[in-house]
Structure formats: C-alpha cells, structure tokens
Amino acid sequence: MHGVGLRYMAGIVKQLGLETSMLVVQQQAQPDPDFPTVRYPNPEENGALDLAMSTAEAEDIRLILANDPDADRFAAAENVDGVWHQFTGDQIGVLLAHWLFTVRSPMGKDDVMLTSAVSSQMLSFIGDREGFTVQETLTGFKWLGNAAKDLEKQGKNVHFAYEEALGYMFPNVVHDKDGIAAAMNFLSA
C-alpha cells in the first residue's frame with residue numbers, strides 16, 4: 001500500500017507458484033509518501049482496503065492480501081457471498097499459529113508461541129489443549145522479539161509470535177514483525 005513490499009510480495013508469490021493468481025492494485029503499487037489513495041496507510045484502518053476491494057470485485061477476486069508501506073504488517077480480507085470480511089489481527093494470528101502447529105506437530109512444552117497482553121487468549125487455549133507453551137509479553141514487538149531470543153538461549157523452539165495490530169513474527173526469519181513472511185505463511189496454509 002504505497003510502500004516497499006511489492007517486489008518482495010511478488011517474489012514469494014512466484015516462489016509459491018501463484019504468480020498467475022496475483023493482481024496488483026496499480027494505484028497503490030509504488031512507494032508514495034503522500035499515500036494519495038488512503039486516509040491512513042495502515043491496512044487495519046477503516047477504508048484502507050476500499051480500493052483493493054473494488055479492484056477485486058471488478059476482477060471477480062475473492063481474496064485480498066495487503067501490507068502497510070514498510071511491509072511489516074499484513075492484512076487479509078475475503079469476499080463471501082458479496083460481503084467483504086476483513087480478518088482481524090487476532091483471527092489471522094490464530095489461523096497462522098494453528099497452521100504452524102499442524103505442520104510442525106507434535107509439539108511439546110519446549111515448543112513456544114508468543115503473544116502480547118492486548119491480543120486474544122485463543123492461542124493460550126490452543127497451546128493448553130495441544131501441549132505447547134504460549135507465553136504472553138507486554139505490548140510491542142520489542143518485547144516479543146526479545147522474549148523469543150531469551151527463550152531460544154534456553155533451548156526452546158520459538159515458532160511464532162503475533163499481536164492483534166496485524167503484526168506477525170516468524171523467528172526463523174527475523175525477530176520482528178514481518179508482513180511479507182506473514183503473507184508467505186498465510187498463502188502456504
């Protein structure tokens with residue numbers, strides 16, 4: 001969304017063999033510090049995905065993926081029976097966590113996923129049920145990233161962290177939120 005992510009998003013889409021499925025909103029494709037098509041360039045803001053939704057509707061596309069200008073946030077919306085549903089950060093976080101749990105099972109107490117105090121408790125319920133550890137930190141990726149590093153030093157396997165504000169961290173990639181890695185995992189799920 002008027003930022004730097006398109007080149008990297010196109011790369012992961014190609015790597016996943018989905019390049020023929022990607023349609024770019026041309027009016028938002030290139031970096032522009034004035035963000036002329038949106039009031040706020042954060043995909044969780046009301047109206048930020050309106051242009052993407054109208055573009056998708058014109059092309060009969062049901063799924064929208066978006067990043068903010070510095071590509072550290074990831075958003076998704078789906079058109080179901082003519083109505084757009086924009087997933088919340090908690091919904092995407094739990095979906096990504098469940099997918100990671102599914103592909104990396106079995107997990108035990110040395111396997112960890114992280115979330116922050118402002119996020120849903122759903123991940124903790126899944127961890128309790130499935131036998132992996134979920135640790136909550138203070139709000140912000142400074143806390144999530146540092147907690148992941150500390151746990152890794154203790155020999156723990158930290159697989160994922162998320163915060164409800166559309167931020168997702170994959171410590172095997174980077175110890176910070178990364179919207180491109182989130183999109184890749186979302187498309188892989």
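The chain holds six helices and seven strands, and this is a predicted model. Read from the N terminus, the order of elements is α-α-β-β-β-α-β-α-β-α-β-β-α.

**Overall build**

The radius of gyration is 17 Å, which agrees with the value near 16 Å for a compact globule of 189 residues. If you need a box, the C-alpha atoms fill one of roughly 50 × 35 × 30 Å along the principal axes. Of the 189 residues, 46% count as buried. Among contacts with a separation of 6 or more, 57% come from residues 24 or more positions apart.

On the outside, the chain exposes about 9,900 Å², and carbon and sulfur atoms supply 50% of that area. As for charges, there are 13 positive and 26 negative ones, and their mean positions are 8 Å apart.

**Helix α3 and what packs on it**

Helix α3 covers residues 89-104, and its length is easy to check: at 1.5 Å a residue its 16 residues should span 22 Å, and the end C-alpha atoms are indeed 22 Å apart. Which residues of α3 are buried? They are G89, I92, G93, V94, L96, A97, W99, L100 and F101. In an α-helix there are 3.6 residues a turn, so residues three or four places apart point the same way. The cover over the buried residues of α3 includes the strands β2 (74-80), β4 (111-116), β6 (157-163) and β7 (167-169). Helices α4 and α6 (179-188) are also among the elements that cover them.

**Helix α6**

How much of α6 is covered? Mostly, it is: seven of its 10 residues are buried. Those residues are G179, I180, A181, A182, A183, N185 and F186. Their cover includes helices α1 and α3, along with strands β1 (63-67), β2 and β7. So α3 helps to cover α6, and α6 in turn helps to cover α3, because each list of covering elements names the other helix.

**M122 in helix α4**

M122 sits in helix α4, which runs over residues 122-130. Is M122 buried or partly exposed? With a relative accessible area of 41%, M122 is partly exposed, because buried would mean under 20% and exposed over 50%. M122 and Q91 are 31 residues apart along the chain, yet their C-alpha atoms are separated by 9.3 Å.

**Backbone oddities**

Three spots deserve a look in the backbone. A cis peptide bond joins S105 and P106, with omega of about 0°. P106 belongs to the loop between α3 and β4. The other two spots are residues with a positive phi that are not glycines: F35, at about 45°, and D81, at about 55°. F35 lies in the loop between α1 (6-15) and α2 (50-58), while D81 is found in the loop between β2 and β3 (83-86).

Why does F35 count as partly exposed? Its relative accessibility is 24%, and the partly exposed class lies between 20% and 50%. D81, at 79%, counts as exposed because that value is over 50%.

Here are the accessibility values side by side:

| Residue | Element or loop | Relative accessibility | Class |
|---|---|---|---|
| F35 | loop between α1 and α2 | 24% | partly exposed |
| D81 | loop between β2 and β3 | 79% | exposed |
| M122 | helix α4 | 41% | partly exposed |

How values were computed: Residues are numbered from 1 along each chain as its sequence is written. This is a predicted model: local features need pLDDT of at least 70, side-chain atom pairs count only at pLDDT 80 or more; totals for chains, interfaces and linings use all residues. Side-chain values use heavy atoms; hydrogens and water are left out. Helices (H or I, at least four residues) and strands (E, at least two) are DSSP runs, numbered from the N terminus. The radius of gyration is taken over C-alpha atoms; the globule rule is 2.2 Å times the number of residues to the power 0.38. Buried means under 20% relative accessible area, exposed over 50%, partly exposed in between (1.4 Å probe, protein chains only). Contact means heavy atoms within 4.5 Å. Accessible areas come from the Shrake-Rupley method with a 1.4 Å probe; for residues, only the protein chains shown count as cover. Lys and Arg count as positive and Asp and Glu as negative; His and the chain ends are not counted. The place of a charge is taken as NZ of Lys, CZ of Arg, CG of Asp or CD of Glu. The expected span of a helix is 1.5 Å times one less than its number of residues.
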